[in-house]
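Work through the exercises below with the sequence and the model at hand. Try each task before reading its solution.

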Amino acid sequence: RQRMRKHFECAIGEGSFGYHRREDRIAKEAALDGFYVIRTSLPADETNTPTEVVRGYKRLAQVERVFRTMKTTHLLVGPIRHWTEPRVRAHIFLCMLAAHVLWHLERRLEP
(Lines give C-alpha, C1' and ligand atoms only; values in the text may rest on other atoms or scores of the structure.)
Protein backbone atom coordinates (compact mmCIF):
# COMPACT_ATOMS: atom_id res chain seq x y z
CA ARG A 1 0.00 0.00 0.00
CA GLN A 2 2.82 2.44 0.77
CA ARG A 3 4.86 1.23 -2.22
CA MET A 4 7.93 0.42 -0.16
CA ARG A 5 8.92 -2.57 -2.29
CA LYS A 6 11.02 -0.29 -4.49
CA HIS A 7 13.35 0.35 -1.53
CA PHE A 8 14.29 -3.32 -0.98
CA GLU A 9 15.95 -6.03 -3.04
CA CYS A 10 14.54 -9.44 -2.06
CA ALA A 11 16.07 -12.81 -2.75
CA ILE A 12 13.76 -15.76 -2.18
CA GLY A 13 15.23 -19.22 -2.64
CA GLU A 14 14.59 -22.79 -1.62
CA GLY A 15 14.33 -22.56 2.17
CA SER A 16 15.90 -19.10 2.33
CA PHE A 17 14.93 -15.48 2.31
CA GLY A 18 17.21 -12.48 2.10
CA TYR A 19 16.88 -8.79 1.49
CA HIS A 20 18.90 -5.60 1.50
CA ARG A 21 18.01 -1.93 1.34
CA ARG A 22 18.51 0.00 -1.88
CA GLU A 23 20.23 2.98 -0.29
CA ASP A 24 20.45 4.93 -3.56
CA ARG A 25 16.66 4.84 -4.07
CA ILE A 26 16.02 5.65 -0.42
CA ALA A 27 18.33 8.67 -0.60
CA LYS A 28 16.76 9.82 -3.87
CA GLU A 29 13.26 9.74 -2.38
CA ALA A 30 14.42 11.29 0.91
CA ALA A 31 15.70 14.28 -1.06
CA LEU A 32 12.11 14.97 -2.13
CA ASP A 33 10.59 14.77 1.37
CA GLY A 34 8.45 17.81 2.05
CA PHE A 35 8.13 18.78 -1.63
CA TYR A 36 5.12 18.33 -3.83
CA VAL A 37 4.43 18.99 -7.48
CA ILE A 38 1.46 20.83 -8.88
CA ARG A 39 0.80 20.49 -12.58
CA THR A 40 -1.27 23.19 -14.23
CA SER A 41 -2.40 24.08 -17.71
CA LEU A 42 -2.22 27.81 -16.97
CA PRO A 43 0.27 29.80 -19.03
CA ALA A 44 3.37 30.94 -17.16
CA ASP A 45 3.14 34.71 -16.92
CA GLU A 46 3.27 37.43 -14.27
CA THR A 47 -0.17 36.51 -12.88
CA ASN A 48 0.48 32.77 -12.79
CA THR A 49 3.77 32.62 -10.93
CA PRO A 50 4.57 29.38 -9.09
CA THR A 51 3.76 31.12 -5.81
CA GLU A 52 0.33 32.17 -7.06
CA VAL A 53 -0.41 28.71 -8.44
CA VAL A 54 0.42 27.13 -5.07
CA ARG A 55 -1.64 29.76 -3.25
CA GLY A 56 -4.61 29.01 -5.52
CA TYR A 57 -4.22 25.30 -4.93
CA LYS A 58 -4.17 25.80 -1.17
CA ARG A 59 -7.29 27.94 -1.41
CA LEU A 60 -9.07 24.91 -2.84
CA ALA A 61 -8.76 23.32 0.59
CA GLN A 62 -10.76 26.22 2.02
CA VAL A 63 -13.44 25.78 -0.65
CA GLU A 64 -13.65 22.06 0.10
CA ARG A 65 -13.97 22.83 3.82
CA VAL A 66 -16.87 25.19 3.07
CA PHE A 67 -18.69 22.56 1.02
CA ARG A 68 -18.05 19.93 3.70
CA THR A 69 -19.36 22.10 6.52
CA MET A 70 -22.07 23.87 4.57
CA LYS A 71 -24.70 21.25 5.30
CA THR A 72 -23.38 19.94 8.61
CA THR A 73 -21.68 21.80 11.44
CA HIS A 74 -21.70 25.56 10.88
CA LEU A 75 -24.65 26.42 8.69
CA LEU A 76 -26.98 23.55 9.53
CA VAL A 77 -28.85 23.96 6.27
CA GLY A 78 -31.34 21.17 5.81
CA PRO A 79 -31.54 18.91 2.79
CA ILE A 80 -32.79 20.29 -0.51
CA ARG A 81 -36.46 19.62 -1.04
CA HIS A 82 -36.83 21.66 -4.20
CA TRP A 83 -37.50 20.18 -7.60
CA THR A 84 -37.65 23.16 -9.93
CA GLU A 85 -34.43 24.61 -11.31
CA PRO A 86 -35.00 28.20 -10.08
CA ARG A 87 -35.62 27.01 -6.51
CA VAL A 88 -32.54 24.74 -6.50
CA ARG A 89 -30.43 27.62 -7.84
CA ALA A 90 -31.84 29.95 -5.17
CA HIS A 91 -31.12 27.39 -2.46
CA ILE A 92 -27.52 26.96 -3.60
CA PHE A 93 -27.10 30.74 -3.85
CA LEU A 94 -28.31 31.22 -0.28
CA CYS A 95 -25.97 28.48 0.96
CA MET A 96 -23.01 30.09 -0.78
CA LEU A 97 -24.02 33.53 0.53
CA ALA A 98 -24.17 32.16 4.06
CA ALA A 99 -20.75 30.55 3.60
CA HIS A 100 -19.36 33.88 2.35
CA VAL A 101 -20.76 35.74 5.35
CA LEU A 102 -19.32 33.07 7.65
CA TRP A 103 -15.91 33.44 5.99
CA HIS A 104 -15.95 37.21 6.57
CA LEU A 105 -17.02 36.76 10.20
CA GLU A 106 -14.20 34.28 10.81
CA ARG A 107 -11.66 36.76 9.37
CA ARG A 108 -12.96 39.64 11.48
CA LEU A 109 -13.06 37.59 14.69
CA GLU A 110 -9.57 36.12 14.33
CA PRO A 111 -7.31 37.08 17.25
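Contact means heavy atoms within 4.5 Å. Helices (H or I, at least four residues) and strands (E, at least two) are DSSP runs, numbered from the N terminus. This is a predicted model: local features need pLDDT of at least 70, side-chain atom pairs count only at pLDDT 80 or more, and totals for chains, interfaces and linings use all residues. Residues are numbered from 1 along each chain as its sequence is written, and side-chain values use heavy atoms, with hydrogens and water left out.

**Exercise 1. Describe the contact of α2 with α3.**

Step 1. Find the residues that meet. Helix α2 brings Gln-62, Arg-65, Val-66, Phe-67 and Met-70. Their partners in α3 are Cys-95, Met-96, Ala-99, Glu-106 and Arg-107.

Step 2. Sort them by type. Ala, Val, Leu, Ile, Met, Phe, Trp, Tyr, Cys and Pro count as nonpolar; Asp, Glu, Lys and Arg count as charged; the others, Gly among them, count as polar. The contact then holds six nonpolar, one polar and three charged residues.

Step 3. Set the geometry. Axes are lines fitted to C-alpha atoms, for helices over the stretch in contact, and angles run from 0 to 180 degrees between N-to-C directions. The axes of α2 (residues 50-70) and α3 (residues 85-108) come within 11 Å. They cross at roughly 115°.

Step 4. Assign the hand. A crossing is left-handed if the near helix is turned anticlockwise from the far one by less than a right angle, and right-handed if clockwise. The crossing of α2 and α3 is right-handed.

**Exercise 2. Characterise the largest pocket.**

Step 1. Fix the term. On a 1 Å grid over the protein atoms alone, a pocket is an open set of points where a 1.4 Å probe fits, with protein on both sides within 12 Å along at least five of seven lines. Lining residues have an atom within 4 Å of a point.

Step 2. Give the volume, the space filled by probe spheres set on the points. For the largest pocket this is about 220 Å³.

Step 3. List the lining. The residues are Arg-59, Gln-62, Val-63, Arg-65, Val-66, Phe-67, Met-96, Ala-99, His-100 and Trp-103.

Step 4. Trace their origin. The elements that give two or more residues to this lining are α2 and α3. The largest share, six residues, comes from α2.

Step 5. Sort by type. The lining divides into six nonpolar, two polar and two charged residues.

**Exercise 3. Is His-7 buried or exposed, and what does His-7 touch?**

Step 1. Place the residue. His-7 sits in the segment before β1.

Step 2. Apply the cut-offs. Buried means under 20% relative accessible area, exposed over 50%, partly exposed in between (1.4 Å probe, protein chains only). His-7 is buried because its relative accessible area is 5%.

Step 3. List the contacts, not counting residues up to four places away in sequence. His-7 touches His-20, Arg-21, Arg-22, Arg-25, Ile-26 and Glu-29.

Step 4. Follow one partner. Glu-29 lies in helix α1. At 34%, Glu-29 is partly exposed. Beyond its neighbours within four places in sequence, Glu-29 contacts Lys-6 and His-7.

**Exercise 4. Classify Arg-5, Asp-33 and Glu-85, and give a C-alpha distance for each.**

Step 1. Take Arg-5, in the segment before β1 (8-13). Its relative accessibility is 75%, so Arg-5 counts as exposed. Arg-5 and Arg-21 are 16 residues apart in sequence and 9.8 Å apart in space, C-alpha to C-alpha.

Step 2. Take Asp-33, in the loop between α1 (23-30) and α2. Asp-33 is exposed, at 56%. Asp-33 and Trp-83 are 49 Å apart, C-alpha to C-alpha.

Step 3. Take Glu-85, in helix α3. Glu-85 is exposed, at 52%. From Glu-85 to Arg-59 the C-alpha distance is 29 Å.
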